[in-house]
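Here is a short report on how one protein model is put together. Take a look at the structure before reading on.

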Amino acid sequence: MKIYLVSLEVDFFRREEISKKFPKICNKMIYFPAIYGASLLADKYFHNIYQYHKRHQRLLTCGEVGCSLSHIQVLEKFIESGEQHALILEDDIIGPDQDIENIFSLVGRLDVKSVLLCGGQTSNGNKNYQ
């Protein structure tokens, strides 16, 4: 299974911390440079928030747009890979290697078209993911 690590290029320190917290799997991670939302041009920002704003009557922050675009790009890369499963991590992940091993053990029990969200969903405002 491919393990993608989404991280802003400037956040070298965070990636260093990841290698200390996850020594068993850090060398298996594929670094994927995140999109820095604050650097998006206005037309790209508004193009990416239009449908969301129309539906939810809320503007997304530049960071939310950058994060979403980053994850979309990682998902596209995963689909191109032909792999059955992927683990997508962000550089602010907490926990030890054992947590990742626990996630691996769950993957075999999931339906083929499943998405397993492992935390971090408390800030998205969607109770379905909490």
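Leu-116 lies in the segment after α4, the helix of residues 97-107. The model shown here is predicted. Is Leu-116 buried or exposed? Neither word fits: Leu-116 is partly exposed, because its relative accessible area is 35%, while buried means under 20% and exposed means over 50%. Leu-116 also helps to form a nonpolar surface patch. Its partners there are Leu-106 and Leu-110. The patch covers about 210 Å².

Now turn to the inside. Ile-100 sits in helix α4. Its relative accessible area is 1%, so Ile-100 counts as buried. Which residues does Ile-100 touch, leaving out those up to four places away in sequence? They are Phe-22, Ile-25, Leu-87, Leu-89 and Ile-93. Val-10 is 90 residues from Ile-100 along the chain, and their C-alpha atoms are separated by 25 Å.

Ile-100 belongs to the largest nonpolar core, which has 11 residues. Among the other members are Ile-3, Leu-5, Ile-18, Met-29 and Ile-103. Three elements, β1 (2-7), β3 (86-90) and α4, each supply at least two residues of this core. There is also a second, separate core of 7 residues, including Ile-35, Tyr-45, Val-65 and Leu-69. In soluble globular proteins, nonpolar side chains tend to be buried together.

Ile-3 is another member of the largest core. Its contacts, again without residues up to four places away in sequence, include Ile-25, Met-29, Leu-87 and Leu-89. Lys-28, Ile-30 and Phe-104 touch Ile-3 as well.

How many of the 6 residues of β1 are buried? The number is 5, so β1 is largely enclosed by the rest of the structure. β1 pairs with β3 and also with β2, the strand of residues 29-33. The table sets out both pairings.

| Strands | Sense | Bridges | One bridge pair |
|---|---|---|---|
| β1 and β3 | parallel | 5 bridges | Leu-5 and Leu-89 |
| β1 and β2 | parallel | 5 bridges | Ser-7 and Pro-33 |

Leu-5 and Leu-89 are bridge partners, and both are members of the largest nonpolar core. Leu-89 also touches Ile-100 of helix α4.

To close, return to the two residues discussed at the start. Leu-116 is partly exposed, with a relative accessible area of 35%. Ile-100 is buried, with a relative accessible area of 1%.

Notes:
Residues numbered from 1 in each chain as written. Predicted model: local features only at pLDDT ≥ 70, side-chain atom pairs only at ≥ 80, totals over all residues. Heavy atoms only, no water. Patch = residues over 30% accessible without salt bridge, like charges linked within 9 Å, V, L, I, M, F, W, Y side chains within 5 Å. Areas by Shrake-Rupley, 256 points an atom, 1.4 Å probe, with all protein chains shown as cover. Salt bridge = Lys/Arg side-chain N within 4 Å of Asp/Glu carboxyl O. Helix = DSSP H or I, 4+ residues; strand = E, 2+ residues; numbered from the N terminus. Buried < 20%, exposed > 50% of the residue type's maximum accessible area, 1.4 Å probe, protein only. Core = buried A, V, L, I, M, F, W, Y, C linked by side-chain atoms within 4.5 Å. Contact = heavy atoms within 4.5 Å. Pairing = 2+ DSSP bridges.
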